[in-house]
Amino acid sequence: MSAVIFGLCWPNDSVFSEAAMLNLLEGESLHDAGLRLKLGWNPSWLVEAGFSAFDSNGAEISEKTSIAGQIEWSPELRTCRLDDQVADSAKPTGQPYRRRTSGEIALLSLWASTVNSKGIKLERTALSSNSRGAQFRDCLIRYLQCSLPEGWSVRHEVPLTHIRGLHMRRDVSDRKSDILIIDEGSRLVAALSSKWTWRSDRGTEAAQMVPLTRYRPDVPYALATAEFPRAARVTRESIEDRTYHVCPDWVGSWIAVNDLPADASAQERWPDLDALRKAGRAAAERLSINGLDTLVNDLKASGDIL
């Protein structure tokens with residue numbers, strides 16, 4: 001599900017996809033090139049994920065290349081920009097460039113590996129910020145509606161004045177909720193905010209929360225997001241009661257790769273994708289970054305609340 005939602009809401013493509021087009025020496029393997037170039041990512045991640053490397057003559061590289069030159073990957077690599085704190089103009093010789101490109105390649109490898117192993121076929125369409133947010137919200141609604149018990153409903157953009165307890169309040173405006181979860185007894189279980197990324201627009205969210213927390217303090221207010229650079233901060237500082245992430249293990253892997261010291265080898269730290277996944281899972285658990293499956297379980301558990 002992480003792969004489907006992330007693929008349907010694919011972030012803007014990164015100009016740094018070319019960072020994976022390594023220049024190999026004659027008789028050099030991808031592994032050896034990674035060590036020589038002191039990469040912050042491991043070329044074997046891409047190979048495991050289903051990408052093939054070809055030398056400058058167009059021959060697939062299985063072990064060592066017979067000719068020096070820049071390699072190409074097939075299918076074409078489409079990494080996505082996740083870190084808005086590292087500019088597209090970052091110099092290839094700097095640590096910010098190394099950190100950003102490594103994180104992008106790590107995520108692409110994890111995503112492609114899942115898509116290929118599950119036989120998922122979908123187009124990664126270029127979306128604007130507004131359309132991506134709406135797409136993400138619709139994906140969440142569909143996922144929740146299919147995952148929650150029969151009789152439950154998931155509604156979006158319900159005017160706050162249509163919520164019991166807020167409906168006759170003088171100071172409640174016509175603002176609309178993002179997503180509301182209602183059980184089979186027509187009980188409002190929780191309000192959910194869907195935010196693909198976490199930015200400075202939290203003021204609008206706070207304006208929506210004020211009447212809810214004032215007049216319906218019994219209703220939990222949660223956040224679902226796909227934020228990467230601020231994922232750990234969101235978990236700690238978000239004004240919502242609880243936060244959930246589309247792909248917590250991948251965020252954990254991205255954080256682990258970003259935290260790799262400049263003099264450390266990604267290939268030695270994470271020799272394969274399984275090692276990277278385990279590191280990501282450990283980081284997500286350490287930072288308490290929970291996924292959408294946890295959101296569904298928490299919502300279902302509301303039936304046991306007296």
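Author: In this predicted model, a pocket is an open set of grid points with protein on both sides within 12 Å along at least five of seven lines.

Reader: How much space lies in the largest pocket?
Author: The volume of a pocket is the space filled by probe spheres set on its grid points. For the largest pocket, this space comes to about 680 Å³.

Reader: Which residues lie nearest the centre of the largest pocket?
Author: The lining of the largest pocket is made up of 24 residues. Five of them lie nearest its centre: Ser129, Arg132, Gly133, Trp196 and Thr197.

Reader: Which element gives the most to the lining of the largest pocket?
Author: Both H5 and E7 supply at least two residues of this lining. The element that gives the most, with six residues, is H5.

Reader: How many residues of the lining of the largest pocket are charged?
Author: Asp, Glu, Lys and Arg count as charged. In the lining of the largest pocket, seven residues are nonpolar and six are polar. The charged residues number 11.

Reader: At what angle to E5 does helix H5 run?
Author: Helix H5 spans residues 129–147 and lies across E5, E6, E7 and E8. Angles are taken between N-to-C directions and run from 0 to 180 degrees. Relative to E5, H5 runs at about 165 degrees.

Reader: Which strands stand at the edges of the sheet?
Author: The sheet is open, has five strands in the order E5-E6-E7-E8-E9, and shows mixed pairing. An edge strand has a single partner strand, so one of its sides is left without a neighbour in the sheet. That applies to two strands, E5 and E9 (242–245).

Reader: How far does the sheet twist from one strand to the next, on average?
Author: The order of the strands is E5-E6-E7-E8-E9. From one strand to the next, the twist averages 25 degrees.

Reader: In which sense do E7 and E8 pair, parallel or antiparallel?
Author: E5 (residues 153–156) and E6 pair in the antiparallel sense over four bridges, and E6 pairs with E7 (residues 188–195) in the antiparallel sense, also over four bridges. E7 and E8 (residues 221–225) are joined over five bridges. One pair of residues in this ladder is Ser193 with Leu223 in E8. The sense of the E7 and E8 pairing is parallel.

Reader: What is the bridge partner of Ile181 in E7?
Author: On the E5 side of E6, Ser153 stands opposite Ile182. On the E7 side, the bridge partner of Ile181 is Ala190.

Reader: Which residues point the other way from Ile179 and Ile181 in strand E6?
Author: Strand E6 covers residues 179–182, and all of these are buried. Ile179 and Ile181 point one way. Pointing the other way are Leu180 and Ile182.

Reader: Which residue takes a positive phi in the hairpin of E6 and E7?
Author: The hairpin has five residues between the strands. One residue there has a phi near 65 degrees, namely Ser186.

Reader: Is Ser238 buried or exposed?
Author: Ser238 is found in the loop between H7 and E9, where it touches Trp198, Leu223, Arg233 and Thr243, not counting residues up to four places away in sequence. The cut-off for buried is under 20% relative accessible area. Ser238 has 12% relative accessibility, so it counts as buried.

Reader: How many residues of helix H8 are buried?
Author: Helix H8 (residues 248–258) is mostly covered. Its buried residues, among them Trp250 and Trp254, pack against H1, H3, H4, H7, E9 and H10. Of the 11 residues of H8, the buried ones number 10.

Reader: Which elements give two or more residues to the lining of the largest cavity?
Author: The whole structure holds two cavities of 30 Å³ or more, and the largest has a volume of about 60 Å³. Its lining includes Ala231, Val234, Thr243 and Tyr244. The elements that give two or more residues are H7 and E9.

Reader: How many residues of the lining of the second largest cavity are nonpolar?
Author: The second largest cavity has a volume of about 40 Å³. Helix H6 (residues 202–215) gives the most to its lining, with three residues. One lining residue is polar and one is charged. The nonpolar residues number six.

How values were computed: Residues are numbered from 1 along each chain as its sequence is written. This is a predicted model: local features need pLDDT of at least 70, side-chain atom pairs count only at pLDDT 80 or more; totals for chains, interfaces and linings use all residues. Side-chain values use heavy atoms; hydrogens and water are left out. Buried means under 20% relative accessible area, exposed over 50%, partly exposed in between (1.4 Å probe, protein chains only). Two strands pair if DSSP finds at least two bridges between them. Contact means heavy atoms within 4.5 Å. On a 1 Å grid over the protein atoms alone, a cavity is a set of points where a 1.4 Å probe fits but cannot get out, and a pocket is an open set with protein on both sides within 12 Å along at least five of seven lines; lining residues have an atom within 4 Å of a point.
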